[in-house]
Each structure stands twice: as structure tokens, then as C-alpha cells.
Amino acid sequence: MHIGHAKAMSLNFFIAAENNGLCNLRFDDTNPAKETVEFEQSIMEDVRWLGFDWQDRLFYASDYFEKLYEYAVQLIRDGKAYVDDLSPDQIREYRGTLTEPGKNSPFRNRPVEENLDLFARMRAGEFEEGQRILRAKIDMSSGNINMRDPALFRIKKEAHYRAGDKWCIYPMYDFAHPISDALEGITHSLCSLEYEDHRPLYDWFLENLPVSCRPVQIEFARLSLSYTVMSKRKLLTLVRDGHVRGWDDPRMPTLSGYRRRGYTPEAIRSFCQMVGVGAKRNVVLDVAMLEHAIRDDLNKHAPRAMGVLRPLRVVIDNYPEGQSEELDAVNNPEDPAMGTRKVPFSRVLYLERDDFREDPPKQFFRLAPGREVRLRYAYFIKCKDVIKDDSGNIVELRCTYDPATRGGDSPDGRSPKSTLHWVSAAHALPAEIRLYDRLFNKERPDDDEDFTTSLNPQSLDVVNDSWLEPHLGSAKPGDRCQFERIGYFCVDPDSTPGKLVFNRTVTLRDTWAKIENKNARP
RNA sequence: UGGGAGGUCGUCCAACGGUAGGACCGCAGACUCUGGAUCUGCUUAUCGGGGUUCGAAUCCCUGCCUCCCAGCCA
């Protein structure tokens, strides 16, 4: 399932709940060639993960095959269905085109008894695939092609993953769908916009068959997202051609991808509610809306931690060598109930490279030569010296700290412009951090003849020498946290106790990056 | 020269024929031990043309544009 399916799923369950109704889960497994248990399992896993519950109402169209067969026989008896001997190619020719009406099959007016006999023999396996087919007798001149004597049952000499080899004829979705709905007592059957043309057929079956319930089909808009693709074919291309690492690659708009990336089901659901139901045209949502939903959720629930992505070694000259201490840090300022933790501090630290500039631009508040900043929950430090290697790269900073500012507050009331995250070099844990960006550079990759031309070559950036606060050593795959000032992260299944691997779910809003970009542009 | 469905801020979603509103994004400011979060303010829209009406996003006519349909797929 992808995020578009999640929206459809949410719509069904939310609308049912709002109206004190129930929502069933049914697999319309009418085509034995296309159904697999794995497919079914992964759908149920995704639906459950999203938090929806179909209780004991799990259904399969394949459980209705016998009834569907009987309904088909009924249509034949009523002179409303017939067995056609035309080949698939001939049927296509006879169907006409969008602008020209079709013409009747020469087999259209077979006697009822002959149809009954032929249909029974279809079921008995006497004919080959494509040799004969059961069609409804509606109107070959209809402007709606779905009404030009649609197929009801076709021969497929293939075993069904649930029904086994019991059948060699299988119902078409258009036939099975309204009847399955009626059998389940469905009142409202929601589907996507491309089925609007099928509604007259849906209604035709219900009007011409003795059903005890009269469901109504209502169509809703499909959802897609900006900067990604949604079609199964295109997603498959991404996987098959190695543009991503698999269906659950954190850059994929699949639920398994979002899950691995660290999205919560709550965020996906709240996004789906944000989207609403009203549209009668397919829409492309701004991915920023999804990002808002996950930030909103994680801000309230994710514990904070400190992690330095790209380390710069900092030595606190006036801090005693060999000494260390533990400082109190708040786990989540949004939720005091989440408590505090201890963070070790010592003479050698790692700071984020981005947080230091030898020659700071105008609005840069962070560390620079001679400047004082606060280390989160620790001390104020001042940069005294910049150490470079032979080629001029900064390799180390020499700083001093103010012992009076322990915990992050100064008795004289002074307050630095900036507070930085840090990690004690002697205590920190090494980690690999995978930074994800949008998969495509273009808002609507579908607009291109070849959608892969707008793939973003920088959609994955693996940072190998990151350092994390020691308490993260016990983090398990799936655990989420915020690395302060950077973003929300989630432990990847690739992670091992010896080598932590984190995925960036989403960045924090970054005002400084915006300022920097703006200054860079003109 | 077929049938069906649509066109409201940049993007989504609203508005018994009665002040076009909300969310996201963007911009400006306040606050802040995360340049985070939060709060405040601001910018921007009814596809075009005719009608009906005291009054039209809404009703009528007309034009334009977009999407879907010719599987024995769903």
C-alpha cells in the first residue's frame, strides 16, 4: 500500500465511524493470476499498522464464487446474459470505439437453454481460455463502453490461491463487486473516480438481480503527493532499476517506506483527515503537509537526544584532563512527564561542523573565534583558537568554559545568542546516519515522458562518522527521537548494537538555512 | 462528430442565493537554554463571456480548459 491507498482506507473507516457504521475489509480476489497471500498479508499488515480494525469482518469475493455463479445463471434464465463464442480480438472489434457504437455479437440471441448448457460446460472445463465467455446483454450502442455487453465470467484455467482448483471460470470485478456488496449488506460502497463510468453497470446488476440490499456506489478522489510518484508501475520501476533499495526504502511513498523512515500511523491518519473528502477530481497534495503532520506528532511525543552528524573536535583547555561529570537534560520540553536523563561531559567534545564559522556571516549567531555560546544543558564556552592541518582545514577548536554556568545558566544573567548541541568524545557512540531528501526534484514527476529524469541524485546522503549521546546505545529498530536542532530520527532495522544506524524522518524547521539560502540567491 | 466527471488563494479543503473562511506553504514580528516548539499579524483565489436576482462561487445559457473510459485487469 502507498499513501494514496492509506487515504482511501482512512476515508472508508472514518466515514463509517462518523456515521456509527462499520467498515469491512474485503479482498476482491476475482482474478487468480493476480492474487497472492503475500500481497494480502502485506495489505492487512499496513491496515493494522494504520490503526484500523475490521474486527471479524474480513471477506473475500472468492467466498462468493458459488453465489456469483448462481446469479449469473439467473441472468441467463431472464434472457439478460449469454455465452459468446467470439474471440477476444473479435469482441474488441465488435465493441466499437469511443465515438462509434458497437454491434451485436452473432451469438447474442442464443436460446436460454443453450446458454445454460454452454455456461455449465464452461464451468466443467470443456472449453479453452478465450474460447467462450459469459456476457451481460445490455446495449452495444451505449455511449458508456462498460454497458456494451460486459463480460461476467471468463475462463481461466488457473488455480486460485484460496479457492484452489475448484474453478476454471472466474467472475469479473464489475460483476462481483455489486453482488458482494449486496451480500454483505453494504449501504455505501466507496471507490475512486475512475469507476464513475462503472456505476451504471453496478446499478444495472442490482436492479436486474434478486438482491435483498441496495448499496450505493460513491466515488472519491485519489490522492497523490508532490515530489513523488504513486503508480504501481512507476514504483516498481524505481525498485527494479535500483533507484531505491526496495519497497520499504524510506524514500518511497509506500507505508512500509514511511514506517521505516519513522513516520507514525497517527501522523499518517491526521494527514489523511487534513486532506478531507470533498474533491471530485484527483489531487496532488503538497508533501509539506505530510511533513507538518509528522513534525506535529513527533514534537509532542519523541524524546530528545543529542547527536553530532558531522563532528568537529573541541578541546576545553581549562577543563581538567581525565575528569567527567553528568549533567541533567530534559527528555521532552513539550512533555515534562517524559522526565530527564544524565548526559556525560568531559574535556574533549564534538560539535557540529556547521555550528562553527571562522569568518561568520552577518546573521550567524553560532560559534566563531572569540565568541561565546551555550552548550545545551552544560556550560558556556568561548572559542580561543582554531587549529588547522597543512592544507588549511579546520581540525580542532580550542575553547575555555565558564564553570559558573554549569547547567546552562549564568549567575550574571548574560545569555549567548546561540545554544549548541554537543557530545562528549570519550563517551559518544559512533553511528551511521541516513539523510533523506525528496526522491524527485520536480513537483510532478509524472509530467515528464520519462519520470526518472527528475529523480533527485541527492535523495540519500549517508553520513558515516556521526556521534551520539551514550544512552542511545540501547535504542531498538523503530525507536524514534529528535536530535536536538537537527530533526527527527528513527533507528533503522540495519542497526546493530555495534553499529547504530539512524534514518532521518524529517528535519526540524530550519530558519538559519532559510536565511542562508536567501542570502546566497541574489 | 461518443459517454462520464471536474475547474475557488502557490497547494489542499470549506462557504441554506446573503461579509469568500480554514489548513499547509510563504513573509514579518514576539518569545525561547533547540535559529525547534508556541503566539501574533500579513500577502494571495471564485476559468472567460452573457443572463436571472436587491444580491451569484452557488441558478440558467455559452465558450474555454482539465481528467477518466475502447482488459476475458481491479
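**View 1. D28, R95 and H292 beside RNA strand B in a predicted model.** A polar backbone atom of D28 sits 3.3 Å from a sugar or linking oxygen of RNA strand B. Phosphate oxygens of the strand have partners too: a polar side-chain atom of R95 is 3.0 Å from one, and a polar side-chain atom of H292 is 3.3 Å from one. A polar contact here is a pair of N or O atoms within 3.5 Å; within protein, one must be able to donate a hydrogen and the other to accept it, and residues adjacent in sequence count only if both atoms are side-chain atoms. As this is a predicted model, local features need pLDDT of at least 70 and side-chain atom pairs pLDDT 80 or more, while totals for chains, interfaces and linings use all residues. Residues are numbered from 1 along each chain as its sequence is written, chains are lettered from A and ligands numbered from 1 in the order written, and side-chain values use heavy atoms, without hydrogens and water.

**View 2. The protein surface around RNA strand B.** Step back, and 65 residues surround the strand, with T30, Y195, A279, G407 and T511 coming nearest. Of the strand's atoms within 4 Å of the protein, 63% belong to sugar and phosphate. A residue counts as near when one of its heavy atoms lies within 4 Å of the strand. Five elements each supply at least two residues of this surface: α4 (88-94), α10 (265-275), β10 (283-285), α11 (287-301) and α12 (511-520). Helices (H or I, at least four residues) and strands (E, at least two) are DSSP runs numbered from the N terminus. The largest share, five residues, comes from α12. By type, the surface near RNA strand B has 24 nonpolar, 17 polar and 24 charged residues.

**View 3. The second largest pocket, with α12 in its lining.** Here α12 turns up again, giving the most to the lining with five residues. β22 (429-436) and β26 (500-507) each supply at least two. The pocket holds about 970 Å³ of space. Its lining has 33 residues, and D354, R366, R485, D510 and A513 lie nearest the centre. Among the lining residues, 14 are charged, 10 nonpolar and nine polar.

**View 4. The largest cavity, lined in part by α6 and α7.** How many cavities of 30 Å³ or more does a search of the whole structure find? There is one, with a volume of about 50 Å³. Its lining is made of Y173, D174, H177, P178, Y195, H198, L201, Y202 and Q217. α6 (173-184) gives the most, four residues, and α7 (199-208) supplies at least two.
On a 1 Å grid over the protein atoms alone, a 1.4 Å probe fits in a cavity but cannot get out, whereas a pocket is an open set with protein on both sides within 12 Å along at least five of seven lines; lining residues have an atom within 4 Å of a point.

**View 5. The largest nonpolar core.** This core has 40 residues, and those with the most contacts inside it are I3, V47, L225, I268 and F271. α1 (3-18) provides the largest share, six residues. Other contributors of at least two residues include α2 (37-50), β9 (223-225), α10 and α11. A core joins buried Ala, Val, Leu, Ile, Met, Phe, Trp, Tyr and Cys residues through side-chain atoms within 4.5 Å; buried means under 20% relative accessible area (1.4 Å probe, protein chains only).

How values were computed: Nonpolar A, V, L, I, M, F, W, Y, C, P; charged D, E, K, R; others polar. Points joined across faces, edges and corners; volume = space filled by probe spheres on them. Buried < 20%, exposed > 50% of the residue type's maximum accessible area, 1.4 Å probe, protein only.
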